[in-house]
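Biologist: I should like to learn how the features of a structural model are read. May we take one case and work through it together?

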Amino acid sequence: MYAFLIPLHSICRWLVLLSLLHAIGRAYSGYKSHRDYSDYDNQVRHWTATIAHIQLIIGMILYIKSPFASYFWKNTGTSLQHIEIAFYGFLHPLLMLVAVVMITIGSSLAKRKEESTAKYRTLLIWFSVALLIIFVAIP
């Protein structure tokens with residue numbers, strides 16, 4: 001299962017990045033041009049969050065099966081001295097969880113806004129911060 005999840009997780013990360021970049025681009029152009037928030041914009045928001053959640057589930061299953069995580073938690077003191085083990089055992093999962101939470105909050109807040117400009121601004125801020133966190137946490 002672990003051997004299957006690694007490539008699936010890798011493929012899915014590109015979907016997350018592409019959907020986030022597309023959503024941020026739409027939010028930026030909509031915000032700058034004062035365009036009405038369309039059904040397509042709403043679908044982009046929804047699917048970006050959905051893809052991120054699918055990636056999170058795959059990542060969580062992968063983390064449970066991961067030898068890095070297992071070794072990290074059994075040998076926390078010495079694991080922190082090895083950057084690769086500390087990265088995969090703690091830092092990467094934590095930062096990616098934070099990024100998905102940011103995407104979820106941004107998506108939820110934007111959905112509830114009344115004005116198009118406020119929807120775009122909310123998506124732009126929250127999704128951009130999430131993307132920055134993801135770039136920091138990508139191996």
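Modeller: Let us begin with one residue: Glu114 is found in the loop between H5 and H6. Please bear in mind throughout that this is a predicted model.

Biologist: Is Glu114 buried or exposed?

Modeller: Exposed means over 50% relative accessible area. Glu114 is therefore exposed, as its relative accessible area is 74%. For its place relative to another part of the chain, one may take Lys32: the two residues are 82 apart along the chain, and their C-alpha atoms are separated by 17 Å.

Biologist: How is the overall architecture to be read, and how many helices and strands does the protein have?

Modeller: One counts the elements and then follows their order. The protein has six helices and zero strands, and the pattern along the sequence reads α-α-α-α-α-α. Taken along the principal axes, the C-alpha atoms fill a box of roughly 55 × 30 × 20 Å.

Biologist: What share of the contacts joins residues at least 24 apart in sequence?

Modeller: The set considered is that of contacts between residues at least 6 apart in sequence, and 69% of these join residues at least 24 apart. As for burial, 39% of the 139 residues in the protein are buried.

Biologist: What can be said of the surface and the charges?

Modeller: The accessible surface comes to about 8200 Å², and carbon and sulfur atoms account for 70% of that area. The protein carries 12 positive and 6 negative charges, and the mean positions of the two sets are 8 Å apart.

Biologist: Let us turn to a single helix. How does one judge the span of H1?

Modeller: One compares the distance between the end C-alpha atoms with the span expected at 1.5 Å a residue. Helix H1 covers residues 2-33, which is 32 residues, and reaches 46 Å, close to the 46 Å expected.

Biologist: Which residues of H1 are buried, and what covers them?

Modeller: The buried residues of H1 include Leu5, His9, Cys12, Val16, Leu17, Leu20, Ile24 and Ala27. Their cover includes helix H2 (39-65), helix H5 (83-112) and H6.

Biologist: May we examine two of them, beginning with Leu17?

Modeller: Leu17 is placed in helix H1. Buried means under 20% relative accessible area, so Leu17, at 9%, counts as buried. Leaving aside residues up to four places away in sequence, Leu17 touches Leu131, Ile134, Phe135 and Ile138. Of these partners, Phe135 is 118 residues from Leu17 in sequence, yet the C-alpha to C-alpha distance is 9.3 Å.

Biologist: And which residues does Ile24 touch?

Modeller: Ile24, likewise in helix H1, is buried at a relative accessible area of 13%. Beyond its sequence neighbours up to four places away, Ile24 touches Leu124, Phe127, Ser128 and Leu131. Ile24 and Phe127 are 103 residues apart in sequence and 6.5 Å apart in space, C-alpha to C-alpha. Leu131 thus appears among the partners of both Leu17 and Ile24.

Biologist: Where does His92 lie, and what does His92 touch?

Modeller: His92 lies in helix H5 and counts as buried, at 13% relative accessibility. With residues up to four places away not counted, its contacts are His9, Phe87, Ala137 and Pro139. His9 is itself one of the buried residues of H1.

Biologist: Is every residue of H5 to be read as buried or exposed?

Modeller: There is an intermediate class, which Ile105 illustrates: this residue is placed in helix H5 and is partly exposed, with a relative accessible area of 34%. Ile105 and Ile11 are 94 residues apart in sequence and 24 Å apart in space, C-alpha to C-alpha.

Biologist: What value does phi take just after H1?

Modeller: There the residue is His34, with a positive phi of about 55°; the residue is other than glycine. His34 is found in the loop between H1 and H2 and is exposed, with a relative accessible area of 58%.

Biologist: Finally, how is a polar side chain at the start of a helix examined?

Modeller: One asks which atoms its polar group approaches. Ser116 lies in helix H6, residues 116-137, and a polar atom of its side chain is 2.8 Å from the backbone nitrogen of Tyr37. Not counting residues up to four places away in sequence, Ser116 touches Arg35, Asp36 and Tyr37.

Note on methods. Residues numbered from 1 in each chain as written. Predicted model: local features only at pLDDT ≥ 70, side-chain atom pairs only at ≥ 80, totals over all residues. Heavy atoms only, no water. Helix = DSSP H or I, 4+ residues; strand = E, 2+ residues; numbered from the N terminus. Polar contact = N/O pair within 3.5 Å; in protein donor to acceptor, adjacent residues only side chain to side chain. Contact = heavy atoms within 4.5 Å. Expected span 1.5 Å × (residues − 1). Buried < 20%, exposed > 50% of the residue type's maximum accessible area, 1.4 Å probe, protein only. Areas by Shrake-Rupley, 256 points an atom, 1.4 Å probe, with all protein chains shown as cover. Lys, Arg positive; Asp, Glu negative; His and termini not counted. Charge placed at Lys NZ, Arg CZ, Asp CG, Glu CD.
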